[in-house]
Amino acid sequence: MALGGMLLTGPALWAQTSPASGEAFSQRSLILLLIATMVVVALVSLVLALSILVLVRQKSTATTVNEAGETVPVESTPLLSWKFIQKKLTDAVPVEEEESIDMGHDYDGIRELDNNLPPWWKYGFYLTIVFAVVYLWYYHVSSDWSSRQEYEVEMAEAAAEKEAYLAKVGNMVDESNVVMLEDAAALAEGKAIYDANCVACHGALGEGGVGPNLTDQYWIHGGSISDLFSTIKYGVPTKGMISWQAQLKPQQMQQVASYILTMQGTNPPNAKEPQGDLYVPEGEAAPAEADTTANEEVAMLAQP
Ligand code: HEC
């Protein structure tokens, strides 16, 4: 039974290791633990009570005459005997009366008896039928709670946890570990941030204005994703580019920096003349000045 209790509470106990479900753990598994303890206590008390009843003997004043003709008190009988309990539990016909239930089949000396099913087994069986009906009704008919709902709730919880985790991880981004984001959702976020904050100085298409052109390969502060990230994060206050770390979360700076890199080579109209040095991504040969195909490729990649 204690084992049963452990099995019941097991998964909930393990769930404690995941911090997000800590709250749920304490409530649900405490209740299960309580129920398991109560069942164990109830069973132990039952066995104890039965044992006491077996030990207690009925006080009897009746007498009887024995074979020798003496009057002796009737031997006291216990209130309850193990034999009686066993009889109640198994409902088996005593060995002496087996003849009455002999089916007449004899297999090499093994006779077939027509005993009743043990009551504990029979009622256990009825209980499973009742349980099945209740279970069916509860989980498949009543809209109260169903496996489907449970699945959906758990999926939603997992999605929320995943989001929280990703947000946490995303916000640990800094210039030393930032990577370019390529998924459409992140780039769309980046575009939204750019449109809201950067267009005034860098132009709607990154063509430049007060700030430099962001679509060419010339960069004043370096053209790698981590260069861009630090320029955006710390800014160049003396030159009119503010530090954005107070307004944007690290993940947002990563998104907008990634978005800017997708604008590479898009050659927007009214582009500001290049400023700074030609930046060649590591592992790539410096492209020829007139290599427009490379630019087109990048531009195509930039389409979300
Ligand atoms: C008030 C105008 C202004 C705004 C708004 C602005 N910038 Fe700038 N930005 C500048 C200027 C000016 C520079 C050039 C700094 C220099 O000369 O060192 C610059 C430089 C940059 C550079 C480096 C370019 C290079 O050649 O190295 C990046 C990247 C950049 N900005 C990104 C952004 C992003 C992203 C935003 C929006 C979140 C933004 N800027 C908003 C004015 C602005």
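The legends below accompany several close-up views of a predicted model.

**Figure 1. Overview of the chain in the predicted model.** The chain comprises ten helices and six strands, and 15% of its 304 residues count as buried. Among the contacts in the chain with a separation of 6 or more, 60% are accounted for by residues that lie 24 or more positions apart.

**Figure 2. The largest nonpolar core, with 18 residues.** The members that touch the most other members of this core are Tyr194, Leu228, Phe229, Ile232, Val256, Ala257 and Ile260. Two or more residues of the core come from each of helix 6 (184-197), helix 8 (225-234) and helix 9 (250-262), and the largest share, six residues, is given by helix 9. Val256 may serve as a point of reference in this view: once its neighbours within four places in sequence are left aside, Val256 is in contact with Gly190, Ile193, Tyr194 and Ile232.

**Figure 3. The packing of helix 6 against helix 9.** Two packed helices are described by the angle between their axes and by the distance between those axes. For helix 6 and helix 9 the angle is about 90° and the axes are 7 Å apart; because angles of 65 to 115 degrees count as roughly perpendicular, helix 6 is described as roughly perpendicular to helix 9. On the side of helix 6, the contact is made by Ala186, Leu187, Glu189, Gly190, Lys191, Ile193 and Tyr194, while helix 9 contributes Gln252, Gln255, Val256, Ser258, Tyr259, Ile260 and Thr262. By residue class, the contact of helix 6 with helix 9 divides into seven nonpolar, five polar and two charged residues.

**Figure 4. The shell of residues around the ligand.** The ligand is surrounded by 23 residues, of which Cys198, Cys201, Gly211, Lys239 and Met241 are the closest. Helix 7 (199-202), helix 8 and helix 9 each supply at least two residues of this shell, and the shell as a whole divides into 14 nonpolar residues, eight polar residues and one charged residue.

**Figure 5. Ser81 and the adjoining helix 3 (82-90).** Ser81 has its place in the loop between strand 2 (71-73) and helix 3, and Ser81 counts as exposed because 12 C-beta neighbours lie inside 10 Å, a residue being exposed if that number is 12 or fewer. Although Ser81 and Leu50 are 31 residues apart in sequence, their C-alpha atoms are 9.0 Å apart in space. In helix 3, zero of the nine residues are buried, so this helix lies largely in the open. Just after helix 3, Asp91 takes a positive phi of about 55°.

**Figure 6. Positive phi values at Asp108 and Asn267.** Most residues other than glycine have a negative phi. Asp108, a residue other than glycine, has a positive phi near 50° and is found in the loop between strand 3 (102-107) and strand 4 (110-113); with 4 other C-beta atoms within 10 Å, Asp108 is exposed. Asn267, likewise a residue other than glycine, has a positive phi near 45° and is found in the loop between helix 9 and strand 6 (277-278). Asn267 counts as partly exposed, with 15 C-beta neighbours inside 10 Å.

How values were computed. Residues numbered from 1 in each chain as written. Predicted model: local features only at pLDDT ≥ 70, side-chain atom pairs only at ≥ 80, totals over all residues. Core = buried A, V, L, I, M, F, W, Y, C linked by C-beta atoms within 7 Å. Buried ≥ 20, exposed ≤ 12 C-beta atoms within 10 Å, placed from the backbone. Helix = DSSP H or I, 4+ residues; strand = E, 2+ residues; numbered from the N terminus. Contact = placed C-beta atoms within 7 Å. Near = placed C-beta within 6 Å. Nonpolar A, V, L, I, M, F, W, Y, C, P; charged D, E, K, R; others polar. Axes fitted to C-alpha atoms, helices over the stretch in contact; angles between N-to-C directions. Parallel < 35°, antiparallel > 145°, perpendicular 65-115°, else oblique.
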